[in-house]
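This report introduces a structure through its charged side-chain pairs and one histidine. The sequence and the model are shown first.

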Amino acid sequence: MADLNKFLRSKDRLKEIHNYLINKRAEDEKTNSFINLVEESIKVIDNKMEEFKKSELIKS
């Protein structure tokens, strides 16, 4: 369960960064690149959380 909490904390932090970048007024290629990177990172964390949950069910 501790590992799942680490995933959640990381995802929450990435969401904060994402919101900051989205709300930033300056639209440029670098900012858009960071936004895409953060969005992909959130997707990876979601996938890892699902894998972790499945592995925990198998262990039980």
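## A pair within helix α2

Glutamate 40 and lysine 43 are both located in helix α2, 3 residues apart, which is about one turn of the helix. In this predicted model, their side chains meet in a salt bridge, with an N to O distance of 3.6 Å. Glutamate 40 is partly exposed at 45% relative accessibility, and lysine 43 is likewise partly exposed, with a relative accessible area of 47%.

## A pair within helix α1

Helix α1 also holds a pair of this kind: glutamate 16 and arginine 13 lie 3 residues apart, about one turn of the helix. A salt bridge joins their side chains at 3.0 Å, N to O. Glutamate 16 has a relative accessible area of 48% and is partly exposed.

## A link between the helices

The count of salt bridges comes to 5. One of them is formed by aspartate 46 and lysine 11, whose closest N and O atoms are 2.6 Å apart. This pair links distant parts of the chain, 35 residues apart: aspartate 46 belongs to helix α2 (residues 29–59) and lysine 11 to helix α1.

Lysine 11 has a relative accessible area of 15%, under 20%, and therefore counts as buried. Aspartate 46, at 28%, is partly exposed.

## Histidine 18

Histidine 18 is placed in helix α1, which covers residues 2–23. Its relative accessible area is 16%, so histidine 18 is buried. Apart from neighbours within four places in sequence, histidine 18 is in contact with Ile35, Val38 and Glu39.

How values were computed. Residues are numbered from 1 along each chain as its sequence is written. This is a predicted model: local features need pLDDT of at least 70, side-chain atom pairs count only at pLDDT 80 or more; totals for chains, interfaces and linings use all residues. Side-chain values use heavy atoms; hydrogens and water are left out. Helices (H or I, at least four residues) and strands (E, at least two) are DSSP runs, numbered from the N terminus. Buried means under 20% relative accessible area, exposed over 50%, partly exposed in between (1.4 Å probe, protein chains only). Contact means heavy atoms within 4.5 Å. A salt bridge is a side-chain nitrogen of Lys or Arg within 4 Å of a carboxyl oxygen of Asp or Glu.
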